[in-house]
Each structure stands twice: as structure tokens, then as C-alpha cells.
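Me: I would like to learn how to read a structure like this one, feature by feature. Please give the general idea each time, then the case at hand.

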Amino acid sequence: AGPGAREDRVPAARSAARGGKRAAPAGAGALQPVKLSRAELYKPPTSEELSQLKETEDLFHSSLLRLQIEELLKEVTLKETKKKKIDAFLHEINSLLRTIPETPDTELTDQAWLPKGVKVPFLQVPFNVKGRFRFVPPTEMKVVGSYLLGTCIKPEVNVDVAVTMPREIFQDKDNLNQRYHRKRALYLAHIAQHFSKEKLFGSVKFAYMNSNHLKPILLLRPQGKDEKMVTVRLLACPAPGLFKPSRFYPSKNNVRTAWFMEQSTPKEGRPSSVNRKFPPTPHYNNSILCDMVLVSHLHFLSSATTDFPGMKDGLALLKVWLNQRQLSKGLGCFSGFLVSMLVAYLLMKRKIVKMMSGYQVLRSTLQFLATTDLSVMGISLVKDVDASLPVLDDFHQAFEVVFVDPSGLVNLCADMTASKYHQVQFEAKRSMEILDDRMVDGFQVLLMTAKPMLRTFDHVFHLFREEWLFLLQGACKKMQLLNELIDWGGNYVGAALPFIVSLLARGLAGRALLVAHSLPQIPEWPIDAEPPKHKDVGPLTFGLLFVPGFADSTLEKGPQADHPEALDFRTFWGEKAELRRFQDGSICEAVVWEANTVSQKRLIPEQIIKHLLKLHADIPESSICYMGALLESVIRTGKEVSGLGEEAMVNVVCSYDDLSRKLWNLKGLPLTVTAVQGVHPAFRYTDVFPPIPMKPIYDFHTRVKTKHLLLPSEEKPCPAYIAPLRIICHMEGSGQWPQDKEAIKRIKAAFHLQLAELLQQQHQLVCRPAVTHTDVYKDGYVFRLQVAYHREPLILKEVVTPEGMLKYQDTEESRQLELETLHLPYLTSSLHGLQQQYPVFGSTCRLAKRWVSAQLLSDNISEECVDLLVAFLFLHPAPFTPPSSPQVGFLRFLDLLATFDWKNNPLIVNLNAGLTGEQAIKNKFVAARSRLPVMFIATPKDHGSSMWTQEQPSAQILQRLLVLASESLRVLEKQLMDPLNRQDVKLVFRPPLDFYDVLIHLNPNQIPRHLESVDRPLKSFSRGVVKNSTSVKILFPVVDYDPVQCYLQELRDAFSDLALFFYDKHGGELIAVLWKPSSFQPQPFKVSNMKGRMVTTLNNKLVCIPNVEAILEDFEVLGEGLVKRVEARTEKWTI
């Protein structure tokens, strides 16, 4: 690309980097290509540009990616002016630290010298401990961490400052029983108390370093408008050479059990023989060692970053990547510091060289993470092997994940659980796949898309309640975790978490790809408050990612009964394990889970989790809040049905398959049937409420004897709604077909009559022929057969010009026919295939459509369009995996609707992987944007016209959908992430009505689908049918009769120029009316303008304005018997 091409790409890339593809449509116009003069276009590139192009070719996938990354780095790195302010702030802190007065020497437990306004930021349990303390100002203050290396990124700028505590405040044996930690906490408390009086600081607070209770830190923020600019974190560390490192090897003990349990003991730690009996305390030792090596880590990293600009960029990208995945904060997180050390390790091992760009550093690091399991084989930064240092195996025995620092003493991943590392590994693998996939905008997906737990995992559950903490304490006792509890300083969440996660991972092996947990996070607190207890972590959230197809198996097969492993299997599953004989004759241990319907089978993991946690950790079911299928109640049909109607769908499809076989084999037709294709949503498993077999009750209806028909009776409630299931029958071509469109229609009518006759004769099916179709009653369903002839659309396109020439052009009629007989069957069969591949596709579509309908917008966006939006989530799930539960699919649907940039991008749905040239579609789209529909969906058979969104949604409706979607998503995520907030999740399915001008309330006994409403009515009416029963001989019921739809049609025919009408077709009890603002402009007085208007004078002129009172009266008159009352909500129509 020449320089000209480069220049015009920059603005586009900028907008891409800021909000990217998924930004909500802004008010600004769509992107336009830049026009350049010929001279500019063909200017030869300068040498600088040539070297940049060469670099781009070698180091990046594409020039667009390079621009996007550069733009992102500009956004997240610190500006020079900011750095100057931060440096000044640090100098002032330094001079203040020197002025803090000393305090007299007291016992550690005597803390009366601390004033009232500050509390010790440490949980002193047990309280009694030996040792003395006095405050002496620090010997030095050093900035450590990312700020000096230049790898600090926004939005949260943290500057870590190490304050060295002088030697004279320590005694021998301060390594024991939390003495060092308590001195550190008192030291910080004294500093905090003095700093809180200074004008320099906007806020002085305490926090725990990475939520670790043993390590409080002090947070300082500047005064005034700069408060948000930076947070300085004061970390206290011991004077160098204070402790012998060998005391803190992972196998050593530094917390005496007797002290922790407050039992009376002999003299502390006398001969070494006693020392051997104590359990090792690796986490405790590690927390002291970390403080000892703070400064050496900084020197190590700064030598790695010198002359390596790519490392700074790479680290910024990696930090953004971790932040988007919620992996970088909390206890045992994958912090920015850890990533910096990892990149330094790769540099040491020559996996990365100093020539690389930031993007290559990102790739190499992700590649390393994806292929290396640190929980099995740890890595170490030690250069020269020293025999006295502990070896990797010592670390593996003490910790789940091992990454040893350059000193050979500290495990950088000490607090991380194996499960968290596996999650990082899984994300890295997924990210590598995305980067290698040319069809996906990798930058957008990896660095710009957040992955909150709710949208990432198929099922989420919380452990919560005030008392769960005692439960976890109980769990610690039950799992014999006393030693861990001592090691973690009483933090039972940290101690029990690895065990709980490994328990669940074993129980769900084979079902779940990943069992992940949220990172326990403890917020900062004011210095005059008590430090947070272990129980203030809040609920712990776990996420499950399923293996499609295996998560819902009802059988857990164990080892054979006589094998030694059988005992282990029995202990693990408790009384659920039983002996069973299998078909191959083997007798094995097995666990069988109760589940009858598909939706119950999806919840088998819930049964497993509740069973195992009760059995092994004493956690009762009441404190597990399982968020797997809370939303599904809105698509349940009857009260007594336990499933979601997935089985009902299968029955419809079976009945349809049988009918199509009968049609293929009909004898006596002049032409054979070449294809039978279902086009009703039920045939692609996406019908919101699947049809149920019904048989009419005769005395409920009025009979028409001569024609064997039933009619609705006036006295009774409206009969049940029977949906006709449309099927297209393609007839073979033949020279006998006429070439005139009217004649073809007549021939088709003859075929409809003959099909009815033959089905009645050969298969005894009750049929009712009409000119345009034949209705067939079979197995309690009504199928509507429609004959199609493949040349008919072509004949409809014929137009004779005035000169007598014959030419072909698209007409409304031909378009409609093509849509019904070609495109809809193709779409239905493609989506049917998708359902076979992803079993929750259908239920996700149904939830999405139920939501659209509940928002009263189902008439403004076609069902096919919603089905395609949902299909997009399954076919192009990056950065996620395809959904395995309807709930997560629905949340992603709302997110897609709310964040996709509809103005500047086509949504490309690659059905059957039939598309290759995605870029061509995008280019055409940009060129013709103004002529295309506001929501543009491209599929393999439809590149340029977006046929399913041609007419609707309009720009206003789309805007309304986006607002509703983002609001619904916000509300739902808040509800599902907060187990204590027991609100009704149906909230997002209840539409806001304050937006409408008039509400027409309907009479429930005339709403045939009344039972489908979101909030099920308490009493319902008999609808004159027997459900789930069929018969062979019946009088034909009324098909497709919904009085509300007929009424809506009349309203729209009469008043569409004055108002818009909205209705929830699934049992809505009201029609909402919105006046069109344009119709309330006074019109000049003409006879043609008089419809629905009245004459008045305005500035001495006669004008017509809408006669609102009369119109509202018309609403009632038109809907007599159906309308209960008309409620005028606003006075907007005053002229």
C-alpha cells in the first residue's frame, strides 16, 4: 500500500481501536473513504515508510493490526505531564516520611500508644504474642514495580513504593507466629495516622496486597482533582540481611500450632527435634520472603527492559488482555508483576529476543502459557544452581503452581490455585486460535472485548450467606485442613478454595472443560475502621464451561466392582454409588442421576455439585446459589410440564418427517413431488412455544354440518390457537406447466385439491383444501401444504415494455415468492443443522424471541432475523466458546445487540461455512451504506441485500432495541451476580410502558394464547380443546385464528398514518399505541386530508388536526367485545 493508502486508514483505525466493531452506533455519520488527488496517491514512499512497511510485514499480521495496537498503546500509556506530577507527589511523600516522630518501646500487644483515629490493619487472631515494638522512621524509600519500568498502564495507575523498616525495631525470632507481620502492620498504622493529618493527600486508606490478609498496604492519593490520577501503594519491607533465608524454605515451619490454637506450650522452639514435628508453613514463609526481595526484583526487571522497547508494549498488551478476562486482581491473581517476570523468563530462555515488537511478545507469551502447565512442571529464574537452595520438587509439594524467582526462594505463584492457572492456560490457547484465524478481527476480540464470568461460563454458581464462612471453617475441619489454615493465617477461604475446586473438578471430569472460580477480592477500607474479616470476601463465584454433548449424561460409570479403585470411587460418591450390570456383562460401580427432560439433564452438574459439597465439605444446599437455568421459566408452557418443550419440538419434527414420506409416495399424482421442505420455526427448533397436539371439543364450537367444519362460538371464550405448520411441496418441472402467472395459480389450486383427496384416500388424513394451500390434520397438528413450481418466480419477473420487449426485473410479488419457496426453506434447513450441532441453539433463540416479543417489538423485527443473530453467536463465538446453556446464549445475544456497530459493519453469519470473501462483503457494504437497511445481515446465499431485515427494523426501532438490550443486560448481570438479591429475573421480560401514549386493555377470555404470558395468569379459561390427544376422524377446527391479530390488522389499516401499534403476541393483555409526531402537524384543509381529523382555525386559516377523542372512541368500537378499556396516558397531542 502506498503512503496515500496509509494516511486514509489512520482515522478508520483510530475509531476501530477506541470502540472497535462493537461500539454502540454513535450519532456521527458512517465512515467514508478519503478521496486523494492523483499526485498524492502515487507519491513514492519515503525510506522511513519503507522500513515501517518492512517491519509491519515481518512483525504484524497486517497493517491494520499494527495501527490498532499503536492506537491502543497510546490510550493506555502514561503521558509525560502526568509523570511529572506523579514524581513531584513521590518527592513530597519521601520528605514527609522522614519527619514522622519515633515512639517509645512497648510490648507488641500493648497498642494503647496508637491514637483513636486509626486501627491496626491486621486481624490479630490469636491476640497474645511475644515481642516488643517501637517506631523509627524508615531508612530509605524506593519506587519498585511497573512505574519505573514504564510498563504502568491506565485506567488504574498504581505506583508501588517500598519503605525499608530499620533494623533496630526487630528482635530475634520475629520470623515466628506472625510477629513480623504485626510489626509491619503497626509500622504502617503509625505512618497512616500521621499522613491522615497532612493536606497533601486526598485520601489515606488501607488495603490488602492482592487481598492477602497477612500483607496490609497503605494507599495514598493526591488532593483535589488529581485524586483519580494515581494511587501510591506503600509497602513496608525489612532491612536487608535481617533474616536468614534458610529459615523460610518451603518445608520449614514458622507458625507454631500450639500458639495458633492457643494451647499452653513448653518454651518456644527449643531443640530442633521439636521443630520437625511442626507442619510446614510455605505460604506464610513466602509472604515474608516477598518483602525481602522487592528491590532485587526491580533490578532484575529493569535489566530485562533496557534496550527492549517491544517488552514495554508487549507488557501493556498482556495487562490489557488479563484485565479483560478478570484475571489480574484478587487473591492468587495473574498480576501484572507476574506477567513481567514471565516475559523476563522467556527472554532469559531465548524464547523472546530484544528485536521483537510488542505484538510478538504478546504472541510468544500466550504461546508459552498455552503449552506449559506450571502446575505440573514449574519454571525457575535462578541462573546459577546453588546446592543449598530448595529444588523445584520442594516447591511442588508446598504449592499448586510453581514459578521461582531469581533468588531461588520465592514462589511467585504461591497463592494461585491450579484451577486459576488452567483458566489462564485455556484463555491463552483460545487466544492463539483466534490470532491464527484470519476470519476474525483478533485485536477487537482479544483486547477490546471484556469477558465477565456470566457471559464466559455456561453455568455459574455462588457460595454465599453469612454463615457459609463457618461452613468453610467446618469444611476446613472436615477436609483436615488445619495445617493449611495455620499457614494462611486463619484465612479459610484461601485455605479451602484449592480443595473445593479440585473436588468439583474431579466430580465433573468429562463433563466440564474448565471449573473456574472468581478471585476473592477485599476492597480498601478507611484507616479508622476495623480491618475486614475473612468473611468479608463476599460470595465466591464458580464458573463451569461444559464439554458439549457430555455435560448432560445421566450415568457416571466407575471401575469394575472387584478392582481396587472401586473403594475409592465409593468413598468419593458416597451413598449415590451403586453396583450395576452393563450390557457387555461387566459389573461396575456407577452413579445414576435423575433427569427426565433435556432441560433437567442440563442441570445434572448442579446435582453433582450440591451432592459433593454436602458430602465432603458439609456445605448445605441452601448456601449454594446455582445460576444455570433461572431464565428458562419464561419459555415453559404449562404448569405441569417440567421440560422446556424441547421434546415437543422433536415430536413435531417426527410427525413432519412421516408426512413428507407419505407425500413422496403418493400414488395417482400427475407430477411427482420432488422436494418437501418445512418452513415453520418449529422445524428448526426455534418456535418460542412449540405446537402441542390438540383435539377440538365439539360442543364448545358452532358446527357447519355441510362442510364438516367447526366455528368459534360467540358465548364461549376464544378457542385455543392452532398454528398451521407451513410446508412447501416442490412439484417436478414439465412441459405441461403453463407460462402464464394466472394459469399457474389455477394449476396449483388443482394440485391442492388433489393432494387433499389422495391423502384422505390413501392415508385417511383429514384435509381441508383451499386455493392457496391445503391444511392437513395429523397427529394432533395442522400442517399447511403449499405447492411450489420452480419457474414461477421467473415468470412473475416478466415485464413487457411499451415497445413490446420482454425483460426481467424483480417485482414485489416475485421477491415474496422467492423468499417463501427458496430462501426460507434453505434457512430452515441450515438452522436445523445448527441445532443438531449445538443442542441449546433452539432454546437460546426461543429466549431471545420471547424477550423481543415481551418488549412488544415482535412485529417490528422478523423471527428469521433474530434466529440469524443467535446463529452468529454459535458460529462466531470468539473470544468465547459456543454457548452450552440457553442462559449464557441469551446474555450474549443482548450484548451483541447492544454493542455491535450496526452503522459501520455488516453482521456476517457464515452458515454451513459457505463464505470465503468476507472483506469483499465489507467493502461493498461501505460503498453502498446509505441505500442498505439499518441492520445488515449477510449470509452465504445473500451477500448484498440482507433480505431478512429489508423492511424492518426501522432505525428508530433498532435504536429502541439497543437501549432495551443494554438496560436488560445491566439489570440481569446485577441480579445473577448477586445471590442475596432475590429479585425476580422476569424483570427484564416486563416492558416499560411509560413510553407509550395510549394503552388498549384487552379482555383475557378473547386472548387465545393467554397462558403464554410472562407472568402466568392465576385463572385461565377453557379453550375448547383436549391437549396432547389426537384422533383420526375430526371436524376441522379453526386454524390460525387470533382475534387480537385481526384487530391489530384493522387498527393498522385504519390508523397507520397517525400511530404505531405494539403488542406481545404471546398472551399480551394490552396493545400499546404511540402517536406519530408528524401526524400532529396541522394540515391544510382538503377533503383528502380529512381522515380521522377535524377542522379548526389557526391564525385565521382553516386547518385539520387529528380528532383524538373520536379516534380513541373508534379504537373501542372496532374492538367491541375484545377491548376492555382504552386508557389515554399522555396529553402529547395538544397542538
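Me: How many helices and strands does the chain have?

Reply: Note that this is a predicted model. Its chain has 35 helices and 37 strands.

Me: What share of the residues in the chain is buried?

Reply: Buried means under 20% relative accessible area. Of the 1135 residues in the chain, 55% are buried.

Me: How are the contacts in the chain spread along the sequence?

Reply: Take the contacts with a separation of 6 or more: 74% of them are between residues 24 or more positions apart.

Me: How do I check the length of a helix, say H16?

Reply: Compare the expected span with the distance between the end C-alpha atoms. H16 covers residues 418-436, and at 1.5 Å a residue its 19 residues should span 27 Å. The end C-alpha atoms are 27 Å apart, so the two values agree.

Me: Is H16 enclosed or open to the outside?

Reply: Count its buried residues. In H16 these are 15 of the 19, so the helix is largely enclosed by the rest of the structure.

Me: What about a single residue in a helix, such as Asn285?

Reply: Asn285 lies in helix H10, residues 282-292. Its relative accessibility is 0%, and because buried means under 20%, Asn285 counts as buried. Leaving aside neighbours within four places in sequence, Asn285 is in contact with Phe248, Tyr249, Lys252 and Asn254.

Me: Which strands pair with E4, and in which sense?

Reply: Look at the bridges and the direction. Strand E3 (residues 140-144) pairs with E4 in the antiparallel sense over five bridges. Strand E7 (residues 231-238) runs parallel to E4, and eight bridges join the two.

Me: Which residues stand opposite Val161 of E4?

Reply: Val143 stands opposite Val161, and so does Leu234 in E7.

Me: Why is E4 described as largely enclosed?

Reply: Strand E4 spans residues 158-165, and seven of its eight residues are buried, so the rest of the structure largely encloses it.

Me: How is empty space found, and how many cavities are there of 30 Å³ or more?

Reply: Rolling a probe the size of a water molecule over the atoms shows where empty space is left. Here the structure holds 10 cavities of 30 Å³ or more. The second largest contains about 60 Å³ of space.

Me: Which residues line the second largest cavity?

Reply: The lining consists of His823, Tyr826, Leu827, Leu911, Thr939, Lys941, Asp942, Met947 and Trp948. By class, five are nonpolar, two polar and two charged.

Conventions
Residues are numbered from 1 along each chain as its sequence is written. This is a predicted model: local features need pLDDT of at least 70, side-chain atom pairs count only at pLDDT 80 or more; totals for chains, interfaces and linings use all residues. Side-chain values use heavy atoms; hydrogens and water are left out. Helices (H or I, at least four residues) and strands (E, at least two) are DSSP runs, numbered from the N terminus. The expected span of a helix is 1.5 Å times one less than its number of residues. Buried means under 20% relative accessible area, exposed over 50%, partly exposed in between (1.4 Å probe, protein chains only). On a 1 Å grid over the protein atoms alone, a cavity is a set of points where a 1.4 Å probe fits but cannot get out, and a pocket is an open set with protein on both sides within 12 Å along at least five of seven lines; lining residues have an atom within 4 Å of a point. Grid points are joined across faces, edges and corners, and a volume is the space filled by probe spheres set on the points. Ala, Val, Leu, Ile, Met, Phe, Trp, Tyr, Cys and Pro count as nonpolar, Asp, Glu, Lys and Arg as charged, and the others, Gly among them, as polar. Two strands pair if DSSP finds at least two bridges between them. Contact means heavy atoms within 4.5 Å.
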